[in-house]
Amino acid sequence: GAVEDWDCKPGQVPGGGHGGGEVIVDDAAKIAELAGQLAVDKIIDSGAKTLDADTVIDAIKDELAEEVPKVVDEVIGKFCKPMGTRFLDGVDENGKVTATVTVDAKNKKAKVTGNLIVRGGHGGGHGEEAGPVLGRPPIELTISGGDWYNYDSSYKTESKDFKYSDWYKGTDYYGGTVSGRIGGMGFDDDSDDESYGGFGTFQFKTVERVRN
């Protein structure tokens, strides 16, 4: 897993930056209208007796260059700043398993216990070099409730000199409520906490044939 770190002022909630973009887009028409008014007013105040199109366009560009950064800074200031990501793993740098998952299928309950390895950088996934170990916090999580889902799928394509097929199937357990802690981070110790999780197994097979 991973933990996203944010720098927030009191009352702010991480929003991933999407809210800021929406506010800027919503205000675009207002900014353009304001820039146009200010540009025309400045031309008139300068003593000009006629409004030349090129002069107006250049004046609007100048106003936009001044007004847009102000609005962007104001909007961005209302949102939390991303500070980076910490990656969580149940295997240490020597390949030893440090956290285990136990499943009670009958009662729809799973537990994760042991210690997690927390890394910075890219965490070592997808062939990347693992980041430095930042900590080894204890983990005591329970996932309860939820439902089981079975799925399978297959795909096939072929031509004169090529044939490809694949299939996969698996079982997922999802929608369960998470309780417990990772180190000092609780998942159900505040009234506004919302946590859910799942796990599963799958099999995948692919076959490719090429005629030369």
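# Exercises on a predicted model

Aspartate 147 is partly exposed, with 37% relative accessible area. Keep this residue in mind, as it returns in Exercise 3. The structure above is a predicted model, and the exercises below walk through it step by step.

## Exercise 1: Get an overview

**Task.** Find how many helices and strands the protein has, and in what pattern they follow along the sequence.

**Solution.**

Step 1. Begin with the elements: the protein has 2 helices and 11 strands.

Step 2. Now read along the sequence. The pattern is β-α-α-β-β-β-β-β-β-β-β-β-β.

Step 3. Turn to the burial of residues. The protein has 212 residues, and 21% of them count as buried.

Step 4. Look at the surface as a whole. Its accessible area is about 15,000 Å², with 52% belonging to carbon and sulfur atoms.

Step 5. Finish with the contacts between residues at least 6 apart in sequence: 63% of these join residues at least 24 apart.

## Exercise 2: Trace a sheet

**Task.** For the open sheet of 4 strands, work out the strand order and which strands stand at the edges.

**Solution.**

Step 1. Write down the order, which is S1-S2-S5-S6, with antiparallel pairing.

Step 2. Look for strands with a single partner. Strand S1 (2–7) and strand S6 (133–135) each have one partner strand, so one side of each has no neighbour in the sheet. These two are the edge strands.

Step 3. Add the twist, which averages 40 degrees from one strand to the next.

Step 4. Zoom in on one pair. Strand S5 (residues 117–119) meets S6 in the antiparallel sense, over 2 bridges. Arginine 119 has valine 133 of S6 opposite it.

Step 5. Check for a salt bridge between strands of this sheet. Aspartate 5 forms one with arginine 86, and their closest N and O atoms are 2.8 Å apart. Because aspartate 5 lies in strand S1 and arginine 86 in strand S2 (residues 81–89), the pair ties together parts that are 81 residues apart in sequence. Aspartate 5 is partly exposed at 22% relative accessibility, and arginine 86 is partly exposed at 34%.

## Exercise 3: Follow lysine 108

**Task.** Locate lysine 108, and find which residue forms a salt bridge with lysine 108.

**Solution.**

Step 1. Start with the two strands around it. Strand S3 (residues 99–104) and strand S4 (residues 109–115) pair in the antiparallel sense over 6 bridges. One of the matched residues is alanine 99, whose bridge partner in S4 is glycine 114.

Step 2. Place the lysine. Lysine 108 sits in the loop between S3 and S4. This hairpin has 4 residues between the strands, and lysine 108 takes a positive phi near 50 degrees there.

Step 3. Judge its exposure. Lysine 108 has a relative accessible area of 30%, so lysine 108 counts as partly exposed.

Step 4. List its contacts, leaving aside neighbours within four places in sequence. Lysine 108 touches Ile143, Ser144, Gly145, Gly146, Asp147, Trp148 and Tyr173.

Step 5. Pick out the charged partner. Side chains of opposite charge can pair when their charged atoms come close. Aspartate 147 forms a salt bridge with lysine 108, with the closest N and O atoms 3.1 Å apart. The pair links distant parts of the chain, 39 residues apart: aspartate 147 belongs to strand S8, and lysine 108 to the loop between S3 and S4.

## Exercise 4: Examine tryptophan 148

**Task.** Decide whether tryptophan 148 is buried, partly exposed or exposed, and name the residues that share its surface patch.

**Solution.**

Step 1. Find the residue: tryptophan 148 is in strand S8 (residues 147–158).

Step 2. Apply the cut-offs: buried is under 20% relative accessible area, exposed is over 50%, and partly exposed is in between. Tryptophan 148 has 36% relative accessibility, so tryptophan 148 is partly exposed.

Step 3. Look around it on the surface. Val101, Val103 and Trp148 form a nonpolar patch, with about 270 Å² of accessible area together.

Step 4. Connect this to Exercise 3. The C-alpha atoms of lysine 108 and tryptophan 148 are 8.7 Å apart, although 40 residues separate the two along the chain.

## Exercise 5: Complete the salt-bridge list

**Task.** State how many salt bridges are counted, and describe the one formed by arginine 181.

**Solution.**

Step 1. The count comes to 5 salt bridges.

Step 2. Arginine 181 pairs with aspartate 189, and their closest N and O atoms are 3.2 Å apart.

Step 3. Check both ends. Arginine 181 is partly exposed at 37% relative accessibility, and aspartate 189 is partly exposed at 40%.

Conventions:
Residues numbered from 1 in each chain as written. Predicted model: local features only at pLDDT ≥ 70, side-chain atom pairs only at ≥ 80, totals over all residues. Heavy atoms only, no water. Patch = residues over 30% accessible without salt bridge, like charges linked within 9 Å, V, L, I, M, F, W, Y side chains within 5 Å. Areas by Shrake-Rupley, 256 points an atom, 1.4 Å probe, with all protein chains shown as cover. Salt bridge = Lys/Arg side-chain N within 4 Å of Asp/Glu carboxyl O. Buried < 20%, exposed > 50% of the residue type's maximum accessible area, 1.4 Å probe, protein only. Pairing = 2+ DSSP bridges. Axes fitted to C-alpha atoms, helices over the stretch in contact; angles between N-to-C directions. Contact = heavy atoms within 4.5 Å.
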